[in-house]
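Morning, everyone. I'll take you through one structure today, feature by feature. Please have the viewer open.

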Amino acid sequence: MILVPFSWRSLLLVLFLTFIHSASVEGTCGYSSCPKTKDGYINVHLVPHSHDDVGWLKTVDQYYYGDNNKIQLGAVQYTLDSVVSELQKSPDRRFIYVESAFFWRWWTNQDAEMQGIVTRLVNNGQLEFILGGWVMNDEACSHYNSIIDQMTLGLRFLNDTFGQCARPRVAWQIDPFGHSREQASLFAQMGFDGLFFGRLDYQDKEFRKQNHDMEMIWDGSPNNLGNASWLFTGALYNGYNPPDGYCFDIFCEDDPINDDPKLSGYNLEEKVNNFINIAQEWAEPYDTGHVLMTMGSDFQYMAAHTWYKNLDKLIKYVNRKQISNSSRVNVLYSTPSCYLKEVHRSKRPLSVKKDDFFPYASDPHAFWTGYFSSRPTLKYFVQKANNFLQVCKQLAVGAFNGHPSQEVISKVRDFSEPVGIAQHHDAVSGTAKQHVTDDYSLRLTVGMKSCEKVVDEAFRKLQRTSPSEDQESNEFPRSFSTGLGTTYEFCHLLNISVCTASETMNDFVVSIYNPLARDLHNTYIRIPVSSPLWDVQGQSGLIPSQIVNIPQPVLGIPGRRSKALYELVFPVESLPGLSLSNFQVTRNTTEHVHSLKIKSQLKAIKKGGRIIHSSTSKLAASANLREDFMIKNSNGLAIVFDSLTGMLKSVIKGSVEVPVQQNFYFYLGMAGDNSKFEKRASGAYIFRPNTTESQPSPITERVFSYQVYKGSHVTEVHQVFTEWISQVIRLYDKTDLVEFEWMIGPVPVEDNYGKEIITRYSTGIPTNGVFFTDANGRQLVKRKRDTRATWPYKKHENVSGNYYPVNSRILISSNEDLSQDGLTLAVLNDRSQGGTSMNDGEIELMLHRRLLFDDAFGVGEPLNETAFGTGLVARGKHWLLLAGEGTGVSISKHREVAQNIFMDKMMGFADVSLLESTEYSFMRNAVSTRNPDLSSRNTVVSGLTQVLPANVHLLTLEPVSPTQFLLRLEHFYEKGEDPVSSKPVTISLEDLKKALPSVKSIRETTLGGNQWIQDMNRFDWIPRIQQDDNNHHTKVVDGSIVLNPMEIKTFLVFT
Ligand SMILES: [Zn+2]
């Protein structure tokens, strides 16, 4: 069944092609178009392919067009031109194409005749789309929300363009540097039959080769989804490259097959015999009589005939040997899905893998764990871009009553594309060249501007009081096309306390949108301002606010252009889900000081290291006795500082005090020329400290200076550690979180040593080497120091071999089983970082890296980021959450907190006079009376917050056409994590329909939104050892949707 082919690519031509061709060719593409193989032979599946990075050494457009060839020869347009021409010369020839971002660029430039040719090649299986995502996303630093979105963007483009013959059956992650279990689970839910990848730890690979375990069932969500998350997974023999001597690209140095005995250089016999030997060697660990041979590499097939001419000969002459019975090797043009079909047919029992493929090491001293933290500001930008994109998508559906115009949809699309590109394995990973990184940032910025227009219009529409007026104005206002400015400003530099709008206006409205489908309670708003006296009006009158000084180091950030010297802080009791709430902020002249600066005493005290169970008041008393100082809030959370050093000393929650020392350290990056393994340098990919010691050097033993600002809403300790490291430790009044806002840079390198800056939270919690890190912001994966779960690990790098990606959180607990009670410490972050626990009771996260050597994996530049003429300064946040045993906080609380972070509320700032000049009477009245009726908390999707239980996240609300949108509901707890929240939930379909805007009908699809769920029919696999094989994906029955832990359901909604 073809999914309705309508989205942003709704050009008439596309529609025409989709309707004409895809239905008529059913049965000739997909598995039924696979070539015949020979039983009893080694079947070598030659897979012609090109690995086209969506930006790396060149920008995505340079790679597409072929600019800047002195950096790297790469021009995807010629690859596609050339391949299409070669495929037409023989029906046996095959090619796979992977990156939709490139294919889309090429396709839109072709005339109708060429599009017809290509459609025929797709429909007969010669040109097969594999993976189909907009990009081949990184698996360590990308968030699941963004992975799903970028896959959906590509998969739906293919469906819109070609229909079902273009639906990829196989995921193809041949280059990412390590593989995530959550990614596997998501692929399974997208309906993929299998996954192939190229990179796994060299020791793991050797072990798997020996044990004939190169192919396996990956249980992507053990304990949660059962075999609904099983994914056949194959590790490729030679990465994604051809065997030595058989690279026939025009840029390769290998000799072509010369089959003319009259000519010198005749090498046919040698080439054929060598190939037969290689085929036998490659096939050996796979045990099925089939082997996949990747015939291609980076940016190849620009002159595709050199490949096909030689592969034609190879097939002809190797297979000719069968006649004389001198070979049992059968060579054929094939694709990964055709290979997979044969593996499936073999019914070979497979091992089941339940952990992941992190970290990846390519040799004893090359752990690819540096990129978990490389380019911290880009990583932050990518996370915040997703935040804004989700707001934009939701509003494009909700504020336009389910019928956004095509113009609104293309504006959303203008941002979806760069956010998709940013997930590429050389983008968010921080492993592209600097000029390419700048291009990613530029693309995000431009896309964001496009979405700002949608959000601005939505915010203004939501100010209207009369719903009937709303319905009549589905048209986009003219100001969009005339390029007039927007009413609202969206401040994307709040992380460095910059917001031009709030700094320059004396009377403005802050409209705050909460993109969560649940109310946000006791949240705090921070607004940069240039003077200290302000009044804040909320729905029920004046809200007592507080002024906090912006720390001096922040004011001095290079390139920061701002008048703001303070931040205005005010509490909001409740921000309703999916709603816009208004606040009016007015400059006041009355003197009232909000924050009290406290001078701290610096006296020697003795240190404690034990976990003390006691009452808070006693602890407070004991803190006073020790002459430490303590800050506490009304949630019973307190932080104790050592007055002498100015450092954090312990955290108290409920009846528990945990010593928590936090400090900054650095590793010196290994310098080296990479001439051999021992000389490997630390670089953009590789983390390699120049010591095998697990103890990095502290930046300082005590802070250089600190100030405490105390107020009724927040108390802050501003610490300055050194000239280039400072931090604010912040305790809001009604919260269970301690906030750490760190600032690092410019990292000094005048001593010619690169440095990698980390922070450590050291506690007395007994952890036995165990810690937990998230997978793409979703499942938690258990880690054990110096241990690999499925193979004997020989340790060569003490620290970097223990680093794991931390996309959203890292946890330690006194109980190795998180479903059991235990004292648990979670640190959540605002961007992806590398993390570990090098000592029991300790959490370590890498914040910034500045290095002076390249690590020789291709990027060709040291990771030495500068901005505004000096080393890059990065500012970011950690949130510390103490939970479990005696704290009164549930261990699973990190789930909710992580969501609040990645789906953060979005503020828009508008001058009152500007709003007044528009026709929104509500706001005009509000302003003229000076007693604003700010109670209009306009809900975008009325009622949805009531329909969705607290453990269900509205993952996606995204327009795909003026009459269709995508909806994703996600159970965001794991099984057993929480006695209540981990239970399956039931949602009434009728209630859901009523709660959504203008719903006519609703239909479930696969996770990628490109196939009806009932058409999903994945291969079954036979596990070597019997597993609990319950399929936990539940069908929509009797008008109810059941969501099991970690399950995501995707719907196409027709309006
Ligand atoms: Zn790549």
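**A walk through the predicted model**

I1048 is buried, with a relative accessible area of 3%. Keep in mind that this is a predicted model. I1048 sits in strand β49, residues 1048-1054. Which residue lies 5.7 Å from I1048, C-alpha to C-alpha? It's L969, and the two are 79 residues apart in sequence.

Next, the metal. The zinc ion has four donor atoms. They come from H51 (NE2), D53 (OD), D175 (OD) and H425 (NE2), at 2.0 to 2.1 Å. Look at the angles among those donors: they run from 92 to 161°, and the site is irregular. A tetrahedral call would need all angles between 85 and 135 degrees. In sequence, the donor spacing reads H-x1-D-x121-D-x249-H. Two of the donors, D53 and D175, link distant parts of the chain, 122 residues apart. D53 is in the loop between β1 (42-48) and α2. D175 is in the loop between β4 (170-173) and α7 (181-189). Are these two buried or exposed? D53 is buried, at 1% relative accessibility. D175 is buried too, at 5%.

On to aromatics. The count is 57 aromatic pairs. Take Y301 and Y308: their ring centres are 5.7 Å apart and their planes at 65°, so this pair is edge-to-face. Y301 is buried at 0% relative accessibility. Y308 is also buried at 0%. Now F664 and F721. Here the centres are 4.8 Å apart and the planes at 80°, so this pair is edge-to-face as well. F664 belongs to strand β25 (residues 656-668) and F721 to strand β28 (residues 714-722), 57 residues apart. F664 is buried at 0% relative accessible area, and F721 is buried at 3%.

There is a cluster as well. Ring pairs join Y97, F103, W104, W106, W107, F129, W134, F157 and F162. Now look at helix α4, residues 100-107. Eight of its eight residues are buried. Among them are F103, W104, W106 and W107, which we just met in the cluster.

Charges next. Side chains of opposite charge can pair when their charged atoms come close. How many salt bridges does a search of the whole structure find? It finds 56. D287 and R348 meet at 3.2 Å, N to O. D287 is in the loop between α9 (268-283) and β8 (290-295), and R348 is in the loop between α11 (336-346) and β10 (351-353), so the bridge ties together parts 61 residues apart in sequence. D287 is partly exposed, at 44% relative accessible area. R348 counts as buried, at 13%.

Second bridge: K877 to E739, with the closest N and O atoms 3.4 Å apart. K877 is in strand β41 (residues 874-883) and E739 in strand β30 (residues 737-744), so parts 138 residues apart in sequence are tied together. E739 is buried, at 8%.

Third bridge: R895 to E977, 2.8 Å, N to O. R895 and E977 are both buried. Then there is a network. Salt bridges with shared partners join R526, E567, E716, R730, E739, E741, R875 and K877.

Last stop, the surface. L73, I250 and F251 form a nonpolar patch, with about 280 Å² of accessible area together. L73 is in the loop between α2 (60-65) and α3 (76-87). Its relative accessible area is 41%, so L73 is partly exposed.

That's the tour. Questions, please.

Technical notes: Residues are numbered from 1 along each chain as its sequence is written. This is a predicted model: local features need pLDDT of at least 70, side-chain atom pairs count only at pLDDT 80 or more; totals for chains, interfaces and linings use all residues. Side-chain values use heavy atoms; hydrogens and water are left out. Patches are made of residues with over 30% relative accessible area and no salt bridge: like charges are joined within 9 Å, nonpolar side chains (Val, Leu, Ile, Met, Phe, Trp, Tyr) within 5 Å. Accessible areas come from the Shrake-Rupley method with a 1.4 Å probe; for residues, only the protein chains shown count as cover. A salt bridge is a side-chain nitrogen of Lys or Arg within 4 Å of a carboxyl oxygen of Asp or Glu. Helices (H or I, at least four residues) and strands (E, at least two) are DSSP runs, numbered from the N terminus. Buried means under 20% relative accessible area, exposed over 50%, partly exposed in between (1.4 Å probe, protein chains only). Donors are N, O and S atoms within 2.8 Å of the metal (3.2 Å for Na, K and Ca); water is not among the atoms, so sites may look incomplete. Four donors count as tetrahedral if all angles lie between 85 and 135 degrees; four count as square planar and six as octahedral if opposite donors are over 155 degrees apart and all others between 65 and 115; anything else is irregular. Rings of Phe, Tyr and Trp (its six-membered ring) pair if their centres lie within 6.5 Å; planes under 30 degrees apart count as stacked, over 60 as edge-to-face and the rest as tilted.
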